[in-house]
Amino acid sequence: MIRIKMTIRGMVQGVGFRYYCFRQADALGICGYAKNLYNGDVEIEAEGAESVLNEFVKLVEIGPKFSRVNSVSVVRLPYEGKNKDFSIL
């Protein structure tokens with residue numbers, strides 16, 4: 001199990017991006033959160049098996065229909081197990 005923190009840049013607010021991430025994370029069994037940042041980016045923290053998180057990152061890079069993802073930065077962090085589900089903050 002690992003934990004990652006992602007920062008997604010582009011047109012990712014006001015287009016259902018966090019809800020898209022919620023649905024993908026729920027389908028994959030990933031725990032964590034997605035939240036809007038004041039600068040227009042979205043931050044995601046996710047915990048799960050490495051192979052599942054790799055798939056999640058690929059889905060986040062695509063995003064929902066009306067979004068435009070310019071970049072996704074991923075930082076690997078120590079697993080904490082503090083999240084029991086995926087939420088939108």
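Five strands line up here as an open sheet in the order 4-1-3-2-5, with mixed pairing. Two strands count as paired if DSSP finds at least two bridges between them. The strands themselves (E, at least two residues) and the helices (H or I, at least four) are DSSP runs, numbered from the N terminus. Keep in mind that this is a predicted model: local features need pLDDT of at least 70, side-chain atom pairs count only at pLDDT 80 or more, and totals for chains, interfaces and linings use all residues. Residues are numbered from 1 along each chain as its sequence is written, and side-chain values use heavy atoms, leaving out hydrogens and water.

## The sheet and its helices

Which strands stand at the edges? Strand 4 and strand 5 do, each with a single partner strand, so one side of each has no neighbour in the sheet. From one strand to the next, the twist averages 15 degrees.

Now have a look at strand 1, which covers residues 2–11. Strand 1 runs antiparallel to strand 4, and 9 bridges join the two. One bridge partner pair here is Thr7 with Ser73 in strand 4. Strand 1 also pairs with strand 3 in the antiparallel sense, over 7 bridges. In strand 3, Glu47 is the bridge partner of Arg3, and Val42 is the bridge partner of Ile8.

Helix 1 packs on this sheet, touching strand 1, strand 2 (31–36), strand 3, strand 4 and strand 5. Contact here means heavy atoms within 4.5 Å. The direction of helix 1 makes about 170 degrees with that of strand 5. Helix 2 lies across strand 1, strand 3, strand 4 and strand 5, and runs at about 5 degrees to strand 1. For these angles, axes are lines fitted to C-alpha atoms (for helices, over the stretch in contact), and values run from 0 to 180 degrees between N-to-C directions.

Gly16 sits in the loop between strand 1 and helix 1. With a relative accessible area of 32%, Gly16 is partly exposed. The scale works like this: buried is under 20% relative accessible area, exposed is over 50%, and partly exposed is in between (1.4 Å probe, protein chains only). From Gly16 to Gly48 there are 32 residues in sequence and 23 Å in space, C-alpha to C-alpha.

## Charged partners

Side chains of opposite charge can pair when their charged atoms come close. How many salt bridges does a search of the whole structure find? The count is 7, where a salt bridge is a side-chain nitrogen of Lys or Arg within 4 Å of a carboxyl oxygen of Asp or Glu. Among them are these three:

| Pair | N to O distance |
|---|---|
| Lys35 and Glu43 | 3.9 Å |
| Glu45 and Lys82 | 3.6 Å |
| Arg76 and Glu50 | 3.2 Å |

Take the Glu45 and Lys82 pair: it links distant parts of the chain, 37 residues apart. Glu45 belongs to strand 3 (residues 42–48), while Lys82 is in the loop between strand 4 (68–77) and strand 5 (86–88). Glu45 is buried, at 3% relative accessibility.

Arg76 lies in strand 4 and Glu50 in helix 2 (residues 50–62), so their salt bridge ties together parts that are 26 residues apart in sequence. Arg76 is exposed at 52%, and Glu50 is partly exposed at 39%. Salt bridges that share partners also build one network out of Arg3, Glu45, Glu80 and Lys82.

As for Lys35 and Glu43, is each one buried or partly exposed? Lys35 is partly exposed at 29% relative accessibility, whereas Glu43 is buried at 12%.

## Aromatic rings

The whole structure has 2 aromatic pairs. Rings of Phe, Tyr and Trp (its six-membered ring) pair if their centres lie within 6.5 Å; planes under 30 degrees apart are stacked, over 60 edge-to-face, and the rest tilted.

The rings of Phe17 and Tyr20 have centres 6.4 Å apart and planes at 40 degrees, so this pair is tilted. Both residues are in helix 1 (residues 17–28), 3 residues apart, or about one helical turn. Phe17 is buried at 1% relative accessibility, and Tyr20 is buried at 9%.

Phe56 and Phe86 form an edge-to-face pair, with 6.1 Å centre to centre and 70 degrees between the planes. Phe56 is in helix 2 and Phe86 in strand 5, so the pair links parts of the chain 30 residues apart. Phe56 is buried at 0%, and Phe86 is buried at 6%.
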